[in-house]
Amino acid sequence: MDETDRILLGLLQQNASIPRAELARASGLSPAGVHKRLHKLHLEGYIRRTVGILDRAKLGLDLLCFLKLTFKNNLDASNLPALRRAVEGLPEVLECYTLTGSDDALLKVAVRDHVALRDFLRRFSESQQVVGRVETCIVLEEFKEGTALPL
C-alpha cells in the first residue's frame, strides 16, 4: 500500500459514492487507474465491503444501548459459538465483541424505545444459555460516531 492507496481509502471512508473522476483528480490517477487500484484493494481485502450508513433517528431507532455481558462459566469453550449464534439472529445487535477484563462481551444494540429494549432483552435471554449477567447502558448523547480508520 502506498500514499495513493491511502488517499483513495481516506476519501472512500468519507463518502463511498464519490465519483471516480473526483477520486482521479484527488489521487493524480486516471479514472482507469483509480478503477484498477480500487479493484486491487478489494481483492487484497483492504476494502471488505461498501455500505450505506443509515440515520437511526429517521428510522425510529432512537434508543442506542451497550450491553455488558458476563458468561455463566467464562472458561467454557462453548460460550463463543453460542453467543455468535444468538446474536446472528437478532437484527438489533449492531456490533458484538468479546473482551478482557471483568466483562466477557459487549453488544451495541439499537431499538425504538424502552419497550423494544425490554422485548429484545427477553428474546436475547431465550436465544442463548451461556450469559449469566447483562448490564445495560443506555446512551444519553453521542459525541462522536464513525467508521473511518486512521490511515
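Colleague: Are α1 and α3 roughly parallel or roughly perpendicular to each other?

Modeller: Keep in mind that this is a predicted model. Helix α1 (residues 3–14) and helix α3 (residues 31–43) pack at an angle of about 80°, their axes 11 Å apart. Angles of 65 to 115 degrees get the perpendicular label, so α1 and α3 come out as roughly perpendicular.

Colleague: How do the residues of the contact of α1 with α3 divide into nonpolar, polar and charged?

Modeller: On the α1 side you've got Thr4, Asp5, Leu8, Leu9 and Leu12, and they meet Val34, Arg37, Leu38 and Leu41 of α3. Sorted by type, that contact holds 6 nonpolar, 1 polar and 2 charged residues.

Colleague: Thr4 in helix α1: does it count as buried or exposed, and why?

Modeller: Beyond its neighbours within four places in sequence, Thr4 is in contact with Ser27, Leu29 and Arg37. The cut-off for burial is under 20% relative accessible area. Thr4 has 18% relative accessibility, so it counts as buried.

Colleague: Which element gives the largest share of the largest nonpolar core?

Modeller: That core has 20 residues, and Leu69, Leu107, Phe120 and Phe124 have the most contacts inside it. Two or more residues come from each of β1 (63–71), α4 (79–88), β3 (105–111) and α5 (114–127). The largest share, 5 residues, belongs to β1.

Colleague: And how many residues are in the other core, the one with Leu12 and Ala24?

Modeller: This one lies apart from the core with β1, and Leu41 and Ile47 are also among its members. Its residue count is 10.

Terms used: Residues are numbered from 1 along each chain as its sequence is written. This is a predicted model: local features need pLDDT of at least 70, side-chain atom pairs count only at pLDDT 80 or more; totals for chains, interfaces and linings use all residues. Side-chain values use heavy atoms; hydrogens and water are left out. A nonpolar core is a set of buried Ala, Val, Leu, Ile, Met, Phe, Trp, Tyr and Cys residues joined through side-chain atoms within 4.5 Å. Buried means under 20% relative accessible area, exposed over 50%, partly exposed in between (1.4 Å probe, protein chains only). Helices (H or I, at least four residues) and strands (E, at least two) are DSSP runs, numbered from the N terminus. Axes are lines fitted to C-alpha atoms, for helices over the stretch in contact, and angles run from 0 to 180 degrees between N-to-C directions. Angles under 35 degrees count as roughly parallel, over 145 as roughly antiparallel, 65 to 115 as roughly perpendicular and the rest as oblique. Contact means heavy atoms within 4.5 Å. Ala, Val, Leu, Ile, Met, Phe, Trp, Tyr, Cys and Pro count as nonpolar, Asp, Glu, Lys and Arg as charged, and the others, Gly among them, as polar.
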